[in-house]
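Hi there,

Here is the structure I promised to pass on. Please have a look at it first, and then read on for what turned up.

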Amino acid sequence: NRDFPPSSSDEDDEESEEEAATKTKGVEGLIDIENPNRVQAKAKKVDQLSSDASPKVELSRREREEIKRQQDRVKYEKLRAEGKTDEARADLARLAIIRKEREAKAKEREVAKKAAEEKKVTSMKSPTKAAAKK
């Protein structure tokens, strides 16, 4: 039988086996009851298949909290850089005060430097006058 091509009777046997598999057994064919627990495979559309292929991964509570913490930190840093937080306002005020103090000290040094130069120039001129008097 294996060396010869299958005859029509062999094909009929295969079809009858398939039909027997689909036929109900026992009294199932006599009583038509819908079993609510039985899940029947429903035909799916191509759109549904593509969405089912990559289901959304559910994150754990800790992972969600960690992501939220990171987002909050980025948001806070952005607001701080824009100067909208209390901490940023305090920092900017402190920097303004320091800047004014530095400017005042720089002016004082400049005035002291000019005064020292004038003393130096006057002291150089005065010894020559003193030497001329002698």
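Which pattern does the protein follow when read along the sequence? The answer is α-α-α-α. There are 4 helices and 0 strands in the protein.

Before the details, please keep in mind that this is a predicted model. The average pLDDT of the protein is 78, and 64% of the residues score at least 70. Confidence varies between the elements: helix α1 (residues 8-22) has the lowest mean pLDDT, 55, while α3 has the highest, 94.

On the surface side, the protein exposes about 13,700 Å², and carbon and sulfur atoms supply 54% of that area. Buried residues account for 3% of the 134 residues. Two of the residues discussed below, T85 and D91, are buried, with relative accessible areas of 10% and 19%.

**Helix α3**

Helix α3 covers residues 61-82. How far apart are the end C-alpha atoms of α3? They are 32 Å apart, and this agrees with the expected span, because 22 residues at 1.5 Å a residue should also give 32 Å. Just after α3, G83 takes a positive phi of about 80°.

**Salt bridges**

How many salt bridges does a search of the whole structure find? It finds 9, and I will walk you through three of them.

Let me begin with R61 and E65, which form a salt bridge whose closest N and O atoms are 3.2 Å apart. Both residues lie in helix α3, 4 residues apart, or about one turn of the helix. E65 has a relative accessibility of 35%, so it counts as partly exposed.

Next come E66 and R69, whose side chains meet in a salt bridge with an N to O distance of 2.7 Å. These two residues are 3 residues apart in helix α3, so about one helical turn separates them. There is a simple geometric background to such spacings: an α-helix has 3.6 residues a turn, so residues three or four places apart point the same way. E66 is partly exposed, with a relative accessible area of 35%, and R69 is partly exposed too, at 49%.

The third salt bridge joins D91 and R80, with the closest N and O atoms 2.5 Å apart. This pair links distant parts of the chain, as D91 belongs to helix α4 (residues 86-133) and R80 to helix α3, with their positions 11 residues apart in the count. Is D91 buried or exposed? D91 counts as buried because its relative accessibility is 19%, and the cut-off for buried is under 20%. R80, in turn, is partly exposed, with a relative accessible area of 28%. Salt bridges that share partners join R80, E87, D91 and R94 into one network. The side chains of D91 and R80 are also listed as making a polar contact, at 2.5 Å.

**The loop between α3 and α4**

Where is T85 placed? T85 sits in the loop between α3 and α4. With a relative accessible area of 10%, T85 is buried. A polar atom of the T85 side chain lies 3.2 Å from the backbone nitrogen of A88. Which residues is T85 in contact with, leaving aside its neighbours within four places in sequence? They are Y76, L79 and R80. R80 therefore appears twice in this account, since it is in contact with T85 and forms a salt bridge with D91.

If you open the model, R80 may be a handy place to begin: from there you can follow the salt bridge to D91 and the contact with T85.

Happy browsing, and best wishes

Definitions and conventions. Residues are numbered from 1 along each chain as its sequence is written. Side-chain values use heavy atoms; hydrogens and water are left out. A salt bridge is a side-chain nitrogen of Lys or Arg within 4 Å of a carboxyl oxygen of Asp or Glu. Buried means under 20% relative accessible area, exposed over 50%, partly exposed in between (1.4 Å probe, protein chains only). A polar contact is a pair of N or O atoms within 3.5 Å; within protein, one must be able to donate a hydrogen and the other to accept it, and residues adjacent in sequence count only if both atoms are side-chain atoms. Contact means heavy atoms within 4.5 Å. The expected span of a helix is 1.5 Å times one less than its number of residues. Accessible areas come from the Shrake-Rupley method with a 1.4 Å probe; for residues, only the protein chains shown count as cover. pLDDT is the predictor's confidence in each residue, from 0 to 100.
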